[in-house]
Amino acid sequence: MKRVTVLGNFSGRNAGDNAILGNLLDDIAAVYPDLEFLVPTLNAGYVRRAFSRHRVRALGLMPWNASLKIFGLPTFYSMLKTDVVLITDNILFDRRYFNPAFNYLSTIALLAPMCRKRGIPVLLYNASLGPIRTPRGAAALQRILDACPIGILRDEGSRALLERLGLDCPPLVMGADCALNTVAPPAPRLDELMAGLGLAGSRRPLLGFNVNTYVDTWQKQSGGIGRERFTQLVGRVLDRVTTEVDADVVAFVTQVMDRGIIEQVIGQMEQQGRVRIAANPDLSYEELAGVMSRLELLMGMRTHSLILSCAVNTPVVNLNAYPKSEAFLATVGMRDWTIQFDGLSEESLYAMVRKAWDAREQTRATLLPEVRREQAKARAVVHDVGRILGLEPARADAAR
């Protein structure tokens, strides 16, 4: 039996990471069912429970597993005792390079040359790269690329980064984010979810929002906006828009750590009685996407709040907290619906959200074919993994 190691942040705390892993497993196993997946994780119990439909071996990354998050024996074992290593999501950046509790690049760059010597291919799998801002980070990324027979990227921004850094690259394939293949639950379950949020039978349209704890840390231009000013600004914009269009609000907690700042935004609002919270881990990533399917518009900061919303054809406004968010919107033809932190004000954010609200039906119509194309790209690269492993698709109709 062939083994596939999957590297990413799979602790269960982030619905986007959960969606990446879940859809990756679903996509690959649908074509190549006789595989075992090794998944290093801070929460082995979560991975076993949530993905029990697959042959998954969860490897704990806790201190008692001889590991400091990514750096330790479980990762060494999973990368050196496998048939292929898949690097997912956006874990290759050089921020806090020497902190393995935060940075994956340094550890993977240490092990990738060992994989290469053992003939174990390393693949960027529907991955996003960067930011890489130091020579040390560029050198580490090069060591990983040297072990890659191909690189499967999910956005053009990653390709541009590699060109800008002048790195020697394997053949590059354009895939897409696995999370885009998230399927919302059936209508009866969605009705139950809406009832649980106190929105059963409501005739008001729904506006969603998501913010994150880091605020503008990744995109800071100068002194930064500051958490207090930021939450006040977002709260006032939500009040203005919901009052004008007579909407209810759903706040989405996709990453557990963001609940505090989301509640702080709600605390700044005058219309707090119109707000409901849909949160991971109370809801699965599929259930969160299901609730998003009932929205008219989502204003989001976490990249995967935007991706899950687009997966169910709900228009978004990107309050651009990460380079990867803007890169994703560009891939689905929504580049114009991004607002930057540089110069952000209540008026500029309000104008963007109100413009997006008024254009939502037109946006929805143009978004659908773009997302379907990206969903197909995310699934298609499964065959690249199969070829590298020397496998034939389990079904004749699964071949390209």
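**Two parallel sheets and the pockets of the predicted model**

In the predicted model, six strands are arranged as an open sheet with parallel pairing, in the order β12-β11-β10-β13-β14-β15; two strands are taken as paired if DSSP finds at least two bridges between them, and the elements are DSSP runs numbered from the N terminus, with helices being H or I of at least four residues and strands E of at least two. The edges are occupied by β12 (275–279) and β15 (338–339), each of which has a single partner strand, so one side of each is left without a neighbour in the sheet. Residues are numbered from 1 along each chain as its sequence is written, and side-chain values use heavy atoms, with hydrogens and water left out. Because the model is predicted, local features need pLDDT of at least 70 and side-chain atom pairs count only at pLDDT 80 or more, whereas totals for chains, interfaces and linings use all residues.

Strand β14 (residues 316–319) runs parallel to β15 and is joined to it by two bridges, with Asn318 standing opposite Thr338 in β15. Helix α12 (residues 323–331) packs on this sheet through contacts with β14 and β15, and its direction makes about 150 degrees with that of β14; contact means heavy atoms within 4.5 Å, and angles, from 0 to 180 degrees, are taken between N-to-C directions of axes fitted to C-alpha atoms, for helices over the stretch in contact. Helix α13 (residues 346–358) also packs on the sheet, where it touches β10 (206–209), β13 (297–300), β14 and β15, its direction making about 150 degrees with that of β13. The buried residues of α12, buried being under 20% relative accessible area with a 1.4 Å probe and protein chains only, are Lys324, Ser325, Ala327, Phe328, Leu329 and Thr331, and they pack against α11, β14, β15 and α14 (360–380). Just after α12, a positive phi of about 70 degrees is found at Gly333.

An open sheet of seven strands, also with parallel pairing, follows the order β3-β2-β1-β6-β7-β8-β9. Its edge strands are β3 (56–60) and β9 (172–174), each with a single partner strand, so one side of each is left without a neighbour in the sheet. The twist from one strand to the next averages 25 degrees. Strands β8 (residues 151–153) and β9 run parallel and are joined by three bridges, in which Ile152 has Val173 of β9 as its bridge partner. Helix α1 (residues 15–31) packs on the sheet and touches β1 (2–7), β2, β3, β6 (84–87) and β7 (122–127), with a direction at about 170 degrees to that of β2.

The largest pocket holds about 710 Å³ of space and is lined by 32 residues, of which Asn9, Asn14, Asp17, Gln255 and Arg302 lie nearest its centre. A pocket is an open set of points on a 1 Å grid over the protein atoms alone, where a 1.4 Å probe fits, with protein on both sides within 12 Å along at least five of seven lines, and lining residues have an atom within 4 Å of a point; the volume is the space filled by probe spheres set on the points, which are joined across faces, edges and corners. At least two lining residues are supplied by each of β2 (35–41), α11 (303–311) and α12, and the largest share, three residues, comes from α11.

The second largest pocket contains about 240 Å³ of space, and the closest to its centre of the 16 residues lining it are Leu129, Gly157, Leu161, Arg164 and Pro323. Two or more residues of this lining come from α6 (156–165) and from α12, and α6 gives the most, with five residues.

Terms used:
Buried means under 20% relative accessible area, exposed over 50%, partly exposed in between (1.4 Å probe, protein chains only).
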